[in-house]
2 protein chains.
Amino acid sequence: MSRPPETTAGLPTEPTQARRFGKTRTAQSTAIAEDYAELIADLLASVGEARPTDIARRLGVSHATAIKTVARLKREGLATSRPYRGVFLTEAGEALAARVKSRHRLVVDLLRAVGVPAEAAEQDAEGIEHHVSDVTLAAFEKYLRK
Amino acid sequence: MSRPPETTAGLPTEPTQARRFGKTRTAQSTAIAEDYAELIADLLASVGEARPTDIARRLGVSHATAIKTVARLKREGLATSRPYRGVFLTEAGEALAARVKSRHRLVVDLLRAVGVPAEAAEQDAEGIEHHVSDVTLAAFEKYLRK
DNA sequence: CGGAAAGTGTAGCTACGACTACAATTCAGG
DNA sequence: CCTGAATTGTAGTCGTAGCTACACTTTCCG
């Protein structure tokens with residue numbers, strides 16, 4: 001926004017509670033890309049191919065949505081696909097998938113370690129994992145090792 | 001591609017990895033509503049009023065965005081406002097804010113308890129808190145008590 | 001081999017969050 | 001009380017995720 005010359009002038013809010021909002025926003029498209037990359041990798045590994053319909057079913061969206069999102073991943077250089085031939089990951093896509101997968105495991109393990117039931121840990125990790133910074137991830141790792 | 005004509009029936013993917021995706025999606029607007037409710041409550045408590053410009057500044061968005069989102073909150077019965085008179089929370093909005101606030105604290109405390117540095121804990125909690133289920137929250141509480 | 005079923009792709013719509021640009025209102029000094 | 005700055009509100013645009021509906025390939029089976 002156009003920050004006029006010190007509009008912020010003596011803003012009445014103490015910095016004490018100036019909590020860091022503002023990341024939740026655009027972060028979502030990243031989270032979705034991560035989900036797709038991870039899922040596509042899973043499908044390729046387990047059934048040998050990643051078809052739009054399977055992706056859609058697993059994500060609980062329509063196939064049209066899945067196809068559109070895959071198109072975005074292609075634009076971003078994470079995936080490739082040829083009409084009627086299934087979806088594949090580029091190197092960047094595979095790297096992303098690998099990162100996401102290990103992070104997911106770590107989050108689940110951490111949750112379980114502090115007493116969260118298995119099922120809840122799995123489900124919540126799905127949402128949580130996209131918001132865990134490297135610093136926090138490292139802390140999780142350290143905690144789990146001890 | 002030996003894909004038998006099974007639609008949803010016995011989908012070839014083992015349930016083992018049928019991870020629960022699909023919540024990340026519409027969940028976002030909920031997360032945003034939570035952020036706003038919490039922030040508005042904060043502003044009302046600390047400076048006595050919640051003005052669109054302050055909300056916008058704290059969230060790092062334009063004032064227009066803040067105003068539009070507040071309009072949505074009003075539609076959803078969480079907030080009220082009259083032109084040029086600031087924003088207030090309905091009972092439902094206050095209840096939401098209170099819940100969000102306590103959950104936020106719990107998440108931060110948990111993160112810190114497992115060794116996450118204060119700053120990272122605060123920042124990550126902002127994103128994580130929206131994805132923590134009641135079951136997980138209860139587990140956090142229990143863990144922290146011991 | 002020739003359909004029909006399944007899967008794939010395209011089009012067109014909605015809702016949302018974000019933005020910029022512009023209009024309207026308050027309110028504080030002079 | 002009147003004017004200009006700050007705030008507030010409105011309009012219009014963009015990009016993305018979601019959907020349904022319809023069209024087009026593949027593939028499988030009789």
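Okay, to kick off: where in chain A does A:Tyr84 lie? It sits in the loop between strand E1 (79–81) and strand E2 (87–89) of chain A. Bear in mind that this is a predicted model.

So what's odd about that residue? A:Tyr84 isn't a glycine, yet it has a positive phi of about 65°. It's also exposed, because there are 7 other C-beta atoms within 10 Å, and 12 or fewer counts as exposed. Over in chain B, B:Tyr84 has a positive phi of about 65° too, again without being a glycine. B:Tyr84 is in the loop between strand E1 (79–81) and strand E2 (87–89) of chain B, and it counts as exposed, with 7 C-beta neighbours inside 10 Å.

Right, on to the core. The largest nonpolar core has 24 residues, and the ones touching the most other members are A:Val107, A:Leu111, A:Ala125, B:Val107, B:Leu111 and B:Ala125. Helices H4 (91–113), H5 (118–128) and H6 (134–145) of chain A, and H4 (91–113), H5 (118–128) and H6 (134–145) of chain B, each put in at least two residues. H4(B) gives the largest share, 5 residues.

Let's zoom in on chain B. How do H4(B) and H5(B) cross? Their axes come within 9 Å and cross at roughly 135°, which means H4(B) is oblique to H5(B). The crossing is right-handed. On the H4(B) side, the contact includes B:His104 and B:Arg112, and on the H5(B) side, B:Glu122 and B:Ile128 are among the residues they meet as a group. The contact residues split into 7 nonpolar, 1 polar and 3 charged.

Last one: B:Ala125 touches B:His104, B:Val107, B:Val108 and B:Leu111, leaving out residues up to four places away in sequence.

Terms used. Residues numbered from 1 in each chain as written. Chains lettered and ligands numbered in written order. Predicted model: local features only at pLDDT ≥ 70, side-chain atom pairs only at ≥ 80, totals over all residues. Core = buried A, V, L, I, M, F, W, Y, C linked by C-beta atoms within 7 Å. Buried ≥ 20, exposed ≤ 12 C-beta atoms within 10 Å, placed from the backbone. Helix = DSSP H or I, 4+ residues; strand = E, 2+ residues; numbered from the N terminus. Contact = placed C-beta atoms within 7 Å. Axes fitted to C-alpha atoms, helices over the stretch in contact; angles between N-to-C directions. Parallel < 35°, antiparallel > 145°, perpendicular 65-115°, else oblique. Left-handed = near helix turned anticlockwise from the far one by under 90°. Nonpolar A, V, L, I, M, F, W, Y, C, P; charged D, E, K, R; others polar.
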